[in-house]
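Visitor: I'd like a walk through this one, please. Can we take it a residue at a time?

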Amino acid sequence: VNLERGGDDDTISVQCDNYQGGKLAAEHLIECGCKNLLHFGGVAGKDMPADRRADGFLRVCRERGIEGEVLLSDRLSYGSMHYESYIEKGLLEHPETDGIFASSDLIAAQVLQRLYAMGKRVPEDIKVVGFDDTVIAGITTPSITTIHQPIEEMSELSIAYIDRRRKGEMVPNVTTMPVSLVVRGSA
């Protein structure tokens, strides 16, 4: 069983609705008055279910006539989880940005750090939305508005699917769980 990973035809995959999460993030930023959105997304050259977040984000931007740009990190940043230079480069190349959707709360926390270092105020100058609803989202200043990914439920379902398969029972190849917006201080 793959948890939030793609697979082949013989693999069971439990995922959250990444596409809906991207839509919710963009809709919230736009409802907060943002006109120039930036998404710090996935990894260049590596297709993952989380990439559907960018698809949902861009769809809402197009439908609403809002500027939306997706930036991909390199494998080194992704592997080390150090996104500072990727974030700073994106912010410098897009100075008009007033809303940011980060593909994880970890990236969103690093966005907050870079914005602070650049003299930008969150949420006054730039609003930020993360993804996952991990502990880090609640302990930053300001706390991160985020998309809640139901990790506990996804994990329980994955274990149940393993157990059912061991018993010879059929289970769906792909299960997609709903996500929700958690509004906090960053947007």
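Guide: Sure, and one term up front: a polar contact here is a pair of N or O atoms within 3.5 Å, where one must be able to donate a hydrogen and the other to accept it. Keep in mind that this is a predicted model.

Visitor: With that cut-off in hand, which side chain does the side chain of Thr146 join in a polar contact?
Guide: Thr146 sits in strand 7, residues 145–148. Its side chain also reaches the backbone nitrogen of Phe131 at 3.1 Å. The side-chain partner, in a polar contact of 2.6 Å, is Asp105.

Visitor: Is Thr146 buried or exposed?
Guide: Leaving out residues up to four places away in sequence, Thr146 touches a list of residues including Val129, Gly130, Ala137, Ser180 and Arg184. The cut-off for buried is under 20% relative accessible area. Thr146 has 0% relative accessibility, so this residue counts as buried.

Visitor: Asp132 is on the contact list of Thr146 too; what is the phi of Asp132?
Guide: Asp132 is found in strand 6, and at 17% relative accessibility it counts as buried. Most residues other than glycine have a negative phi. Asp132 is not a glycine, yet its phi is positive, at about 125 degrees.

Visitor: And Asp133, what is its relative accessible area?
Guide: Asp133 is placed in the loop between strand 6 and helix 6. Asp133 also has a positive phi, near 65 degrees, without being a glycine. Buried would need under 20% and exposed over 50%. Asp133 is partly exposed because its relative accessible area is 21%.

Visitor: Let's go to the largest pocket; which elements give two or more residues to its lining?
Guide: The volume of the largest pocket is about 480 Å³. Of its 25 lining residues, those closest to the centre are Arg53, Tyr78, Ser103, Ser104 and Asp132. The elements that give two or more residues are strand 3 (36–43) and helix 5 (105–117).

Visitor: How many charged residues are in that lining?
Guide: Sorted by class, the lining of the largest pocket holds 12 nonpolar and seven polar residues. The count of charged residues is six.

Visitor: Which helix gives the most to the largest nonpolar core?
Guide: That core has 24 residues, and Leu29, Leu37, Phe101, Val129 and Ile147 have the most contacts inside it. Elements that each supply at least two residues include strand 2 (13–16), helix 2 (52–64) and helix 7 (151–166). The top contributor, with five residues, is helix 1.

Visitor: How many residues are in the second, separate core?
Guide: As background, nonpolar side chains tend to be buried together in soluble globular proteins. Tyr83, Tyr86, Ala109 and Val111 are included in the second core. Its size is 20 residues.

Visitor: Phe101 came up in the largest core; which arginine is Phe101 in contact with?
Guide: Set aside the neighbours within four places in sequence, and the contacts of Phe101 include Gly21, Ala25, Leu29, Phe57 and Val129. The arginine among its contacts is Arg53.

Visitor: Last stop, the prolines: what is omega for the peptide bond from Val122 to Pro123?
Guide: Most peptide bonds are trans. Pro123 lies in the loop between helix 5 and strand 6. The bond from Val122 to Pro123 is cis, with omega near 10 degrees.

Visitor: Which residue does a cis peptide bond join to Thr141?
Guide: Omega for this bond is about -5 degrees. The proline lies in the loop between helix 6 (135–139) and strand 7. The residue joined to Thr141 is Pro142.

Definitions and conventions:
Residues are numbered from 1 along each chain as its sequence is written. This is a predicted model: local features need pLDDT of at least 70, side-chain atom pairs count only at pLDDT 80 or more; totals for chains, interfaces and linings use all residues. Side-chain values use heavy atoms; hydrogens and water are left out. Helices (H or I, at least four residues) and strands (E, at least two) are DSSP runs, numbered from the N terminus. Buried means under 20% relative accessible area, exposed over 50%, partly exposed in between (1.4 Å probe, protein chains only). Contact means heavy atoms within 4.5 Å. On a 1 Å grid over the protein atoms alone, a cavity is a set of points where a 1.4 Å probe fits but cannot get out, and a pocket is an open set with protein on both sides within 12 Å along at least five of seven lines; lining residues have an atom within 4 Å of a point. Grid points are joined across faces, edges and corners, and a volume is the space filled by probe spheres set on the points. Ala, Val, Leu, Ile, Met, Phe, Trp, Tyr, Cys and Pro count as nonpolar, Asp, Glu, Lys and Arg as charged, and the others, Gly among them, as polar. A nonpolar core is a set of buried Ala, Val, Leu, Ile, Met, Phe, Trp, Tyr and Cys residues joined through side-chain atoms within 4.5 Å.
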